[in-house]
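Colleague: Please take a close look at one chain of this assembly and describe how it is built. I should also like to know how it fits with the rest, and how far the coordinates may be relied upon.

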Amino acid sequence: MAVAEPKGRSLVRGASRPAGGLLLRSASLSYLGVMVLLPLVALGYESTLPGTAAFLKALSDPFARHALWLTFVTAAAMVVINAVTGTATAWVLVRYPFPGKGFVNALIDLPFAVPTVVTGLMLVALYGPTSVLGAFLDRNGWGIIYQKPGIILALLFVTYPFVVRSVQPVLLEMDRAEEEAAVTLGASPFTVFRRITLPTLWPAILTGTALSFSRALGEFGSVVMVAGNRPLETKTGPMYIFGEIESGNRHGAMVVSVVLLACSLGVLVVLNRLQRRGGEPGHGR
Amino acid sequence: MTRGGRSWGGAGLLAALVLYALPGCAPGFGAGTAGSTDTLTIGAYSVVREAFHEAILPAFAKHWKATTGRSVRFEESYAASGAQSRAIASGFDADVAVLSLEGDVSRLVKAGLVKKSWKDGPHKGMITRSLVVVGVREGNPKHVRGWDDLARPDVSVLYPDPKTSGGARWNINAIYGAGLLKDKPTGGKPDKQAGRDLLARVQTRVVNMDASGRQSMATFERGTGDAVVTYENELLLQRKMTGKEAPYVVPPATLLIEGPAAVVDASVARHGNRELAEAFLAFLRTEEAQRILASYGFRPLDPKLDPPGRDPLPPRLFTMADLGGWTKVNAEVYDPGGVWDSLFTDRPKAAGRGR
Amino acid sequence: MAVDVATQAPPAVPRRPTPNAWGRRLLTAAVLGWFALLILVPTLALVRGAFSGGLAPFWQALSSPDALRAFRLTIGITLVATALNTVFGLAFAVVLVRHRFWGKTLADGLVDLPFAVSPIIAGLMLVILYGPQGWIGRWLESAGVRVVYAWPGMALATAFVTLPFVVREVVPVLREFGVEQEEVSYTLGAGRWTTFWRVTLPSVRWGLAYGVTLTVARSLGEFGALLVVSGNILGRTQTATLYVHDGIESFNTEGAYAASVLLAGVSFVLLIGMETLRKRVEARERPE
């Protein structure tokens, strides 16, 4: 996602930097400043206004700590699963023939289209205590909905396309000569994958998982319906923030927001750095 | 050229959409009087939504037309009581606040939006009464009779989150109060530990805490849980709206719910419709409105207007006054570090004590 | 970016004998099973739930006055947010790719910020800024302009969460395109605007189209931020997603399901439609 410098040398010096460029630059930077920078500054300022001690006190609240911990743990669990299933899905879509492939490929993008509030509703209806499967799982102690696994399930749904769509283009463009050479030299398919394909795919997988992790830290609409909302058990960060806003503890909400935001941002920054160092031209997403 | 044709078609569609959508975005702020139509903005809690939207508001519109000859238009918002109170305190310009509990109105008084005198008057600012009850499944298969049954390991319970739902506090207070006042019949004093203990035991059986009482009901209706702690009027309303049975149990010791309503002075001053807002509140206390509310499950302020077939009041009914009043209970239970928070932070210790 | 798998090149090496085929089949089955369980089945359940009473109740639920107003508001907000972010996206993409200036890395990072922000936090930030006691809100209040609890706040919230899409889709395409053609246009005497309209814009059209489609899809589905900034006023600030949420609350599950299916369906059709269109146009242009 990093932007490298413009390609090609300018044939006509000066003409591609016309005076009107200043207007364009200031206008778009102003929009960016008002829309993004200002809210960020406002949040940072208001959350630290009562002082560092107050900030740390709000952060040490057991409910806040648990909410943050839960958010990270469920996001991490989701990311591990997603990395594997996303790569496998991209692999199957690119390399193996099967009937209905175009149909499946189109539907991969479905989570982008479904509003999060709807996702929660669907998952509860299907896997919740009222469904056959859900009731069965609940009885045997493997409950998903209204338990922590439900959170992970909702996160898996909304971030499903990220890894797949990150890995697919790389797989498609990949030169298979090395793989084929390894095969003729007698390597097993698994070794070929591990030694030759995976190193090429690695950056794309990382990009996809970083994006899904960042998204998962902030996911609310789907998680709020499936999690159960029990404090110190299944209340995630965004749910905690919402509860604190609604019950008048705006400062507590802001403190936890700042922490979540910093972490999501940190992930994106690290991703940017890695891409730039690896020489990866910024892919679309 | 086809591409040119397609882009004109696309532009046409876009223009059509813009024309369609723009009036919907037309600023509706600054509600007040326009021509012969008055506007009344109502910020209410979700529970009264059907009663108001379907019956009370049309009845009042007729009443207003009859008494003043003017029509009235309503802007209605229904949300969890705490959320609604917060919204009004943060600037949502409701003319009339109809909330679940006195505390949510007090917040508006503190914010300077509602006059302190809202509680003066024969009904102390209230417009409805109801009871905290326990909704159960058809035939009551788990034989739930009272609060202690909700603590049984084979029963799963639903109620909303007091953080986002002021109305949830009624439920919590009912359970807490039942434990607190358990020695009352024999003349004993309130036992805080017993209250906390009962609440803690019930909370361990809670499956999901929705954001509002209505969402809890909806979750229960969709099949989750064996018991839902809610208001009697909600269950009666569900019976009315869906035709389904919605059986419930009135615990022997439970809390009387009193629902307040107040004029939001800041808003009516800005909109210029004070007379309309006050007339609306007065209307809510007339026999006509009270009968309507009773038909939607509430208990009217005057017990004489109770519809036939309603359960008698339980033997050990108590009110917020018996618990020490909202301020005391809020400080004791819901403030940071209070009883509610301790239910979760002290759980390992509680388990160690063999509870 | 959605990818077309139908036009991949055939394998250069003849396929290996059978021992691998079962491994492949197993993996394919596992992947399809996961896809079905996670994505397909819930979606089908939603569609089935929406149409369980038949087509008539579905249309009835959607044509209730509240539903219609909610959809109208959603369309309006989507149009505003998309218009704002398309103009900004194009402008800023040009600035990022073609200009050099101090603070470019910061600006680059800021564009990505909305991806990292939970919608709830976005709503909170907007209330801090534009709420009646907010930094900017208090001045607007005295001028009689209400942002939060009214549609401008909701449009702002939607514009915030969809800010990066157009920029991020246009930038790589613009970068790949290079400056040569533009400079040729300048040497031929074309002005800046003509060059942009005739040379630059067509070159990025698919990136732009995809960015706009993503913006629209995301706007249609925005929920968390709107929950915080809207006040959920029936008919005034209740969007389609809030209507769904409301329906779940008020025993109106058919309305909720119907609106959900419509929202998801429209977004999905847009996404697929754009991909199909692009494939068709690119197929026509390939001989060039």
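Modeller: A helix here is a DSSP run of H or I with at least four residues, and a strand is a run of E with at least two, each kind being numbered from the N terminus. The model is predicted. I take chain C as the part to examine, where the elements follow the order α-α-α-α-α-α-α-α-α-α-α-α-α-α from the N terminus on. That amounts to 14 helices and zero strands.

Chain C has 288 residues, of which 53% count as buried. Its contacts reach across the sequence: of those between residues at least 6 apart, 74% join residues at least 24 apart.

The chain is assigned two domains, with domain 1 spanning 18-50 and domain 2 spanning 54-285. Their C-alpha centres are 32 Å apart. Where they touch, domain 1 of chain C contributes four residues and domain 2 of chain C contributes five. On the domain 1 side of that contact, three residues are nonpolar, one is polar and none is charged.

Within domain 2, which covers 54-285, helix α7 (residues 151-161) of chain C deserves a closer look, since all eleven of its eleven residues are buried. They begin with Trp151(C), Pro152(C), Gly153(C) and Met154(C). Ala155(C), Leu156(C), Ala157(C) and Thr158(C) follow, and Ala159(C), Phe160(C) and Val161(C) complete the set. An α-helix has 3.6 residues a turn, so residues three or four places apart point the same way. In α7(C), the buried set includes Thr158(C) as well as residues such as Leu156(C) and Phe160(C).

The largest nonpolar core has 264 residues, and Val96(B), Ala97(B), Val264(B) and Leu124(C) touch the most other members. Helix α3 (residues 65-98) of chain C gives the most to this core, namely 19 residues. In soluble globular proteins, nonpolar side chains tend to be buried together. Around Val264(B), setting aside neighbours within four places in sequence, the contacts are Ile88(B), Ala94(B), Asp95(B), Val96(B), Ala97(B), Leu108(B), Leu113(B) and Val114(B). Two of the residues named above, Val96(B) and Ala97(B), are thus also contacts of Val264(B).

For context, the contact between chains B and A takes 15 residues from chain B and 14 residues from chain A. On the chain B side, α3 (81-89), β7 (206-208) and α13 (339-345) each supply at least two residues. By class, that side holds five nonpolar, six polar and four charged residues.

Chain A has 13 helices and zero strands. Of its 285 residues, 49% are buried, and 77% of its contacts between residues at least 6 apart in sequence join residues at least 24 apart.

As to confidence, chain A has a mean pLDDT of 83, and 89% of its residues reach 70 or more. In chain A, helix α3 (residues 62-95) has the highest confidence, at 93, and helix α7 (residues 132-139) the lowest, at a mean of 78. Over residues 1-16 of chain A the pLDDT is below 50, and this stretch has 36 contacts beyond near neighbours in sequence. Residues 279-285 of chain A also stay under 50, with 17 contacts beyond four places in sequence. Where pLDDT is low, the predicted coordinates should not be read in detail.

Terms used: Residues are numbered from 1 along each chain as its sequence is written. Chains are lettered from A and ligands numbered from 1 in the order in which they are written. This is a predicted model: local features need pLDDT of at least 70, side-chain atom pairs count only at pLDDT 80 or more; totals for chains, interfaces and linings use all residues. A residue is buried if 20 or more other C-beta atoms lie within 10 Å of its own, exposed if 12 or fewer, and partly exposed in between; C-beta atoms are placed from the backbone. Two residues are in contact if their C-beta atoms, placed from the backbone, lie within 7 Å. Ala, Val, Leu, Ile, Met, Phe, Trp, Tyr, Cys and Pro count as nonpolar, Asp, Glu, Lys and Arg as charged, and the others, Gly among them, as polar. pLDDT is the predictor's confidence in each residue, from 0 to 100. Domain bounds come from an automatic or database domain assignment. A nonpolar core is a set of buried Ala, Val, Leu, Ile, Met, Phe, Trp, Tyr and Cys residues joined through C-beta atoms within 7 Å.
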